[in-house]
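Q: Please take me through the aromatic rings of this protein and show me how they sit together. I would like one close look, with the cut-offs spelled out as you go.

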Amino acid sequence: MSHPVNRRTALASLAGAGAATLLGSGSASARSRATAVTAGAFPAAETERLRLATTYRGSDFITTGQYAPPGTPVTVKVTAYDGVLPTLHIGTYDNYHEVTAQRVPRAFTLAQGTNTVTDTYGGPVYLRLPGNGERAQVTFTAGTVQMPTFVLGESSESGFQTQLDTLTGSAWVELTSPHAIVTVTRADFLAHRNEDHTTLMTLVENLIASHAAVSGLDDSAPLHRRKAGKYQFVEVSKVPAGVGAYATHYFNAFPVAYLDRLITVDGVRNRGWGFYHELGHLHQQFAYRPSGLTEVSVNIYSLAAQRVFGQRSNLLTVDATTGLNWFQSALPKLGTEGLAFNTSFGAYEKLVSLRQLELAFGTGIWPKLHRLIREENPQSDWQTQDALRWTNFATYLSRVTGHDLTGFFVDRWAYPIDADGKAALAALALPTPPTDPSTLFDS
């Protein structure tokens, strides 16, 4: 599930991953003693959103491994080596928290030298350092405690388990990898502590890589490099009724009921469709994302992740009510009188149409589409130009496939392409596909 677009919106060599080097450590529940974080600046979340042409901003947090207890003065010493000052943030994103102030991390502007800040609610401590490789060091001299943190490629499982047993002053636990931050309350993490966290975070990296591949983030040009900073996956206290998890600016949100699929090896590898889906929302490009496709086109990333993990496609799941899979229930409707894409099909049936394009032209159409959108950067207004985004979806995919898809989108699937859209498709003067994509199916 995504939220509407208008919702709230290391060293230089490590800056692209939002990395930080930590020096020193805190002891158990005691306050940290001279724990230093040296961070490298990288482009801000909105800068990256504009480059990638995505709907949502991804995270631009830099982890510190520190936790600020509620109401405790936190003292830090800042050394901005290259003149760029970081901002300190305490807390996590939680859009529906009962306390309004706890719905976003609290931001504190830092100055060169010694700073003392106090946050009423406490929480994990992060930095933001927008820029291009500039370096800054933040040394935590008083007030924070070390947070149990597993770092892929650095932490041992035994060492992490010892942290869970001894660093009891932190109410949160974090798992990190080159492209991910997983932030979970200590109380709920302990129920799933007996995992192989190297395997788990490797799977999370594989998941993110699958979405990057669909997005054409292949480093073929600076425009097509992967997002600066990591993706953050956060446990939240509350989700709206009927919602399992959600995506919005800066993070993906998961309630405690979803943690068995977020922080377990089996869950990510075999039962993580919702995880794949929510991460997909942070990769969706706005130019061809009309409201009626928000919860449909996001699943091109989910299907790709299923293939990476060797799962059977969700489109082949049999509906207990009809006894049919989603191809079998959708295809007899195609081309029938009164058909309307938005109202005649369920979400999985709508996804069948996108899978048919993959079957006809290959999964490589999606990275080509993403790269083309980044290169041409078509614009539309969120409130007034939904029809334009339907047109963009049809015309850009026709260009990517090299074939006129009017028959597929308009005549067979009854996509709501208006007269301007049909004219734009005709103006491309492309040949019809040699095989009708609407006849194709998985088995």
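A: Here is a walk through the ring pairs, then the charges over rings, and last the sheet that one of those charges leads to.

A quick word on the ground rules: this is a predicted model, where local features need pLDDT of at least 70 and side-chain atom pairs count only at pLDDT 80 or more, while totals for chains, interfaces and linings use all residues. Residues are numbered from 1 along each chain as its sequence is written, and side-chain values use heavy atoms, leaving out hydrogens and water.

Searching the whole structure turns up 26 aromatic pairs (rings of Phe, Tyr and Trp, the last by its six-membered ring, with centres within 6.5 Å; planes under 30 degrees apart are stacked, over 60 edge-to-face, the rest tilted). One of them joins Phe 160 and Phe 189 edge-to-face, at 5.8 Å centre to centre with 85° between the planes. Phe 160 belongs to helix H2 (residues 157–166) and Phe 189 to helix H3 (residues 186–189), so this contact ties together parts 29 residues apart in sequence (helices are DSSP runs of H or I with at least four residues, strands are E runs of at least two, both numbered from the N terminus). Phe 160 and Phe 189 are both buried (under 20% relative accessible area with a 1.4 Å probe and protein chains only; exposed is over 50%, partly exposed in between).

Phe 393 and Tyr 415 are arranged as a stacked pair, because their planes are at 5°, with the centres 6.3 Å apart. This pair links distant parts of the chain, 22 residues apart: Phe 393 is in helix H14 (residues 386–401), and Tyr 415 is in the loop between helix H15 (406–412) and helix H16 (419–427). Phe 393 counts as buried at 2% relative accessibility, and so does Tyr 415 at 4%. Both rings belong to one aromatic cluster, whose members include Phe 341, Trp 390 and Trp 413.

Phe 341 also has company from a charge: the charged end of Lys 350 sits over its ring, 5.6 Å from the centre (NZ of Lys or CZ of Arg within 6 Å of the ring centre and within 35 degrees of the ring normal). Elsewhere, Arg 128 lies over the face of Tyr 250, 4.8 Å from the ring centre.

Arg 128 takes us to the sheet, as this residue of E8 is the bridge partner of Thr 87. Strands E5 (residues 87–90) and E8 (residues 123–128) pair antiparallel over four bridges (pairing needs at least two DSSP bridges). They are part of an open, antiparallel sheet of five strands, ordered E6-E5-E8-E3-E10.
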